[in-house]
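Student: I should be grateful for a close look at a single helix of this protein, together with the setting in which it is found. Please begin with the whole chain and then turn to the part itself.

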Amino acid sequence: MELWDASTGQAISSLRHDGTVTDAYFVHNGTGIITVSDDKCLRLWDSVSGALVAILRGHDDVILQARMSPDETRVITTSKDKTIRLWDVSTGTSARIMQLWDAPIRTRDSILIDSQQSYSAAFSPGEPRAVVSTSGKTAQIWSSFGGEGTVVLSGHESSVLSARFSPDGTRIVTASADNSARVWDARTGRQISQLNGHEGVIWMANFSPDGSKVVTASDDLTARIWDLATGQTTTLRGHEHQVLTAKYSPDGTKILTASMDKAARIWDAKTGATIRILHGKDAMLDASFSPDGSLIATSSSDRAAQVWRADSGEMIAVLRGHEDDVTSVSFSPSGDRIVSASADGTARIWDVGTHSTLAVLRGHAIQGRHTVTNASFSSDASLIVTSSHDGTTRIWDAQKIPKGSLFAVACNWLPNHDLADIEKAFSFAKLGAICNEGQPLPTAKIYPRIERDERLRKFDDAIAASPGDAYLFSLRADVESDIGDFDGAMADYSQAIKLDPKAYNALNGRCFAAVLADKVTQKTLSDCDESLRLRPKDAAILDSRGFSNLRLGRFSEAMSDFEAAISIKRDLASSLYGRGIARLAVGNSVAGADDINLAKRLDPKAIETLLSVGIK
């Protein structure tokens, strides 16, 4: 690896590893450098003399990334050996090791993707821990560096469909397709008890507010209350189809169930009698009480969630916006927000008072029906956890509304975060999947070719492992387009479309790659048309079609597309620039110049890219 003088472009010194350097960045106010390599070592260097200061060994495979704490006493590393290590810089020893899931680790562009499906995820009350259930017959507890590390709950004979902490955080109850529910010690992972009796799959299990009972929901058309001390059970009968949800009210006096029979029911938790029935228009997939018990939120297969008064059963709002089944719904701890999950690949945050959407959480894979199965708030409402059939569980910053952004640290970018943020995010071990947010690492500026080649190599490895994943081809194409390999990008977008003809992002990508390559044809223009059919009123797609029309000399059509994009996103610099070029072409020089100048002020780098490919 070479160290360069940024002002002169001259090489200063060579920093030698015994393998390919995978990450490097400055520390100690620029006087030191940390590097990691596929030689499994972390090295500390003096950037002035180029001298090697220390070598830290311990990983068993390629080290992918390293970051130093603000006080410069500790370093965090991630590795293909499926561990994260926290190092003491003064001693050179590994102070903490966290074992990750048995799955390939992919960084920066796609990090820590689990090959299994995630069915549910929930936070522990008051602690930085989460429990996730999977199709792999296990649940896993993710703990912080100061805790026990990852604990695996193993014993079920089929997929674990739900996992929830007890109110005091000491136990976990799991529900499984093996027709049983089990109670576990949340610290050790030891099984405490097994609840047998249902004659079908158990979809959900939850503790009572005092932790003394568990309620389960099953395919056998019933819900059951289990007394954990005595073993006695009460069966709740009345639903006419499988029961998917069963939860206690905050005061423990009622139970709420949701069923495929298009109804949610409120039950007396003591007698098991039905108190009230909430009738929906389609299958009820989930239901939750508000923290004060006054409201109920339900989700259904008609692409909507509903809000009801618990005391009267009156429906007071329908929450619309999702484009597929709404699979889960829950209130924030304060009761002023609702988070919903959907088979459309997103989660949404809603304002309970206005019934409006506050944020759409995008990031889970959307091709191949990768349902977001569950979404819930942390106990302090600062975070949201989502799980998906795309094999990932994600932690979101719920306070960054309306952006609702994924923790940047979850994508291994780590910009503008101190060690507390890093440890907090890493405490859940497997965060995020596809990262396209955040600023580039400093290494991208110092060693651009290394960074670009590394990004593509990681996608090459991922595609080799999953050759049928259209999303990975589309993401590699994004990188290829970014570095100017437009032909490579168009080939990968084409493969993504072949694998998934409804991949609107790949259709739009191929359309815009043709614009950048100056190879626009009626066929590539039709890509944008089809993408817009799949995703109407998308500003980015309208922008792409506008530039396609601009390349073809169809200035009126181009202006129409750019204006439609700007009406959706007023500060879209590329569309302002495109409209300006089109206006100049038809003789409206004053308005055209105004558009172009405004676009350059809003996003000079985007306009520089368009200029570089001859759009001027």
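Tutor: The protein contains twelve helices and 37 strands. This is a predicted model, and the description below should be read accordingly. Of the 616 residues in the protein, 57% are buried. Among contacts with a separation of 6 or more, 44% are between residues 24 or more positions apart.

The helix chosen for the close look is H8, which covers residues 539-551. Helix H8 has 13 residues, and the distance from its first C-alpha to its last is 18 Å, close to the 18 Å expected at 1.5 Å a residue.

At the start of H8, Asp 538 places a side-chain oxygen within 3.0 Å of the backbone nitrogen of Ala 540. Just after the helix, Gly 553 adopts a positive phi of about 80°.

Between these two points H8 is mostly covered, with ten of its 13 residues buried. Buried here means under 20% relative accessible area. The buried set includes Ala 539, Ile 541, Leu 542, Gly 546, Phe 547 and Leu 550. Asp 543, Ser 544, Ser 548 and Asn 549 of H8 are buried as well. An α-helix has 3.6 residues a turn, so residues three or four places apart point the same way.

What lies over these buried residues? The cover includes helix H6 (504-516) and helix H7 (522-534), along with helix H9 (555-568), helix H10 (573-585) and helix H12 (604-612).

An annotated segment also deserves mention. An unreviewed UniProt entry lists residues 470-503 as "repeat: TPR". In the model, that stretch is 79% helix and 0% strand, and its end C-alpha atoms are 8 Å apart.

For contrast with the helix, one may consider a sheet elsewhere in the chain. Four strands form an open sheet in the order S27-S28-S29-S30, with antiparallel pairing. Strand S27 (284-289) and strand S30 (315-320) are at the edges and have a single partner strand each, so one side of each lacks a neighbour in the sheet. From one strand to the next, the twist averages 20°. Within this sheet, strand S28 (residues 295-300) and strand S29 (residues 304-309) run antiparallel and are joined by five bridges. Ala 297 stands opposite Val 307 in S29.

To return to the part requested, helix H8 has ten buried residues out of 13, and helices H6, H7, H9, H10 and H12 are among the elements that cover them.

Conventions:
Residues are numbered from 1 along each chain as its sequence is written. This is a predicted model: local features need pLDDT of at least 70, side-chain atom pairs count only at pLDDT 80 or more; totals for chains, interfaces and linings use all residues. Side-chain values use heavy atoms; hydrogens and water are left out. Two strands pair if DSSP finds at least two bridges between them. Axes are lines fitted to C-alpha atoms, for helices over the stretch in contact, and angles run from 0 to 180 degrees between N-to-C directions. The expected span of a helix is 1.5 Å times one less than its number of residues. Buried means under 20% relative accessible area, exposed over 50%, partly exposed in between (1.4 Å probe, protein chains only). Contact means heavy atoms within 4.5 Å. A polar contact is a pair of N or O atoms within 3.5 Å; within protein, one must be able to donate a hydrogen and the other to accept it, and residues adjacent in sequence count only if both atoms are side-chain atoms. UniProt positions are given in the numbering used here, feature names are shortened, and annotations may be inferred rather than shown by experiment.
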